[in-house]
Amino acid sequence: MTEYRNNNEPIGSTASATTDAYRRGNGESTTNDADHFDVEAARNKEDEFLTSREEALSRMRTAQSIVMSPELFEKLYLSPERAVKGHLRQTFANPTPLAILSHAVCASPLGCDLMGLRGSGQFGAASTGAYVFIGGFLLVLSGIFEFFLGNTFSFVVFCSFGGFWFSFGSTLIPFFNSIGAYSPTGDSQVVGISTKSFQASFGFYLCFWALLVMVLLICSLRTNVAFFLIFVTVDAALLCLTIAYFVMAEGKYTLGQNFVKAGGGCLLTCGLVGFYIFIVLMLSAVDFPFQLPVGDLSHLMKG
């Protein structure tokens, strides 16, 4: 006859007690195996979800949760990717379109003026305000924002070209008397611009700018074809204008004017390429259904 404890468990039924004691001694749970399997499966599934989520987040580069390919990154920032602390690129807007637009808006009409289209001329003096407030101010402002985003190349390019437009506009402003100082009376813009001293001096200014742009041209081989073409056309324009002012200083006005027109054509081409890049950047900014090619060059010359 089997005796029972107060909890109705048979005293002689020692098998289950022995099994439980063995499991406890080996650190095993006494719960049901099926329940134990379900808990472990749930934990594994949760870990897999978190891992995949972290991997997805690590690929995100914009606040709009768009996975950016290397070519798209080149379109937006025009600079090889650099490690930047924090999340500035997810917080602030991309300043590159503003810089490209301001340069294109100034370069295009100046190119037309240098070529004398529709009777234009006078070295683009009619657009002096645009050179200062659009080409100068907006480019420097964009360059400062690129500095905070960690884009060193874009920062140097935009700020230096902003300085160029500031200085070029100031040359045409009578208040600075940059041209008039070369006239016999010291204040005539019309006479000063035709003197040998001014033409040779301005030629040296353009010459060393051409040297600077040549350095930027080499560096742009790590960006894209469109940005590279901007530097090619700008450098060609500066070289043509340098030659033009040097030969005019020697009295060869007809040859000099031909080089001025050639420089204007290169500058107009630069402006049109700039408008193309601006369109590409703005389409990307609004997540347009299609993207225009810019020709990524970063894969040709590895960092």
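The largest nonpolar core of this predicted model holds 45 residues. Val157, Phe161, Trp165, Phe168, Phe227, Phe231 and Ile277 make the most contacts inside it. Six elements each give two or more residues to this core: α5 (96-115), α6 (128-149), α7 (152-172), α9 (196-219), α10 (225-249) and α11 (253-285). The top contributor is α10, with eleven residues.

Ile277 is one of the core residues with the most contacts. Beyond its neighbours within four places in sequence, Ile277 touches Ile100, Ala226, Phe227 and Ile230.

How do α10 and α11 pack? Their angle is about 165 degrees, and their axes lie 8 Å apart. An angle over 145 degrees counts as roughly antiparallel, so α10 is roughly antiparallel to α11. The crossing of the two helices is left-handed.

Two of the core helices can be set side by side by length. Spans run from the first C-alpha to the last, and the expected values assume 1.5 Å a residue.

| Helix | Residues | Span | Expected span |
|---|---|---|---|
| α9 | 24 residues | 35 Å | 34 Å |
| α11 | 33 residues | 47 Å | 48 Å |

For α9, the span is close to the expected value. The span of α11 is also close to what is expected. Just after α11, Asp287 adopts a positive phi of about 55 degrees.

Which residues of α9 are buried? They are Phe198, Gln199, Phe202, Gly203, Leu206, Trp209, Ala210, Val213, Leu216 and Leu217. In an α-helix, residues three or four places apart point the same way, because there are 3.6 residues a turn. The buried residues of α9 pack against α7, α8 (189-192), α10 and α11.

Methods: Residues are numbered from 1 along each chain as its sequence is written. This is a predicted model: local features need pLDDT of at least 70, side-chain atom pairs count only at pLDDT 80 or more; totals for chains, interfaces and linings use all residues. Side-chain values use heavy atoms; hydrogens and water are left out. A nonpolar core is a set of buried Ala, Val, Leu, Ile, Met, Phe, Trp, Tyr and Cys residues joined through side-chain atoms within 4.5 Å. Buried means under 20% relative accessible area, exposed over 50%, partly exposed in between (1.4 Å probe, protein chains only). Helices (H or I, at least four residues) and strands (E, at least two) are DSSP runs, numbered from the N terminus. Contact means heavy atoms within 4.5 Å. The expected span of a helix is 1.5 Å times one less than its number of residues. Axes are lines fitted to C-alpha atoms, for helices over the stretch in contact, and angles run from 0 to 180 degrees between N-to-C directions. Angles under 35 degrees count as roughly parallel, over 145 as roughly antiparallel, 65 to 115 as roughly perpendicular and the rest as oblique. A crossing is left-handed if the near helix is turned anticlockwise from the far one by less than a right angle, and right-handed if clockwise.
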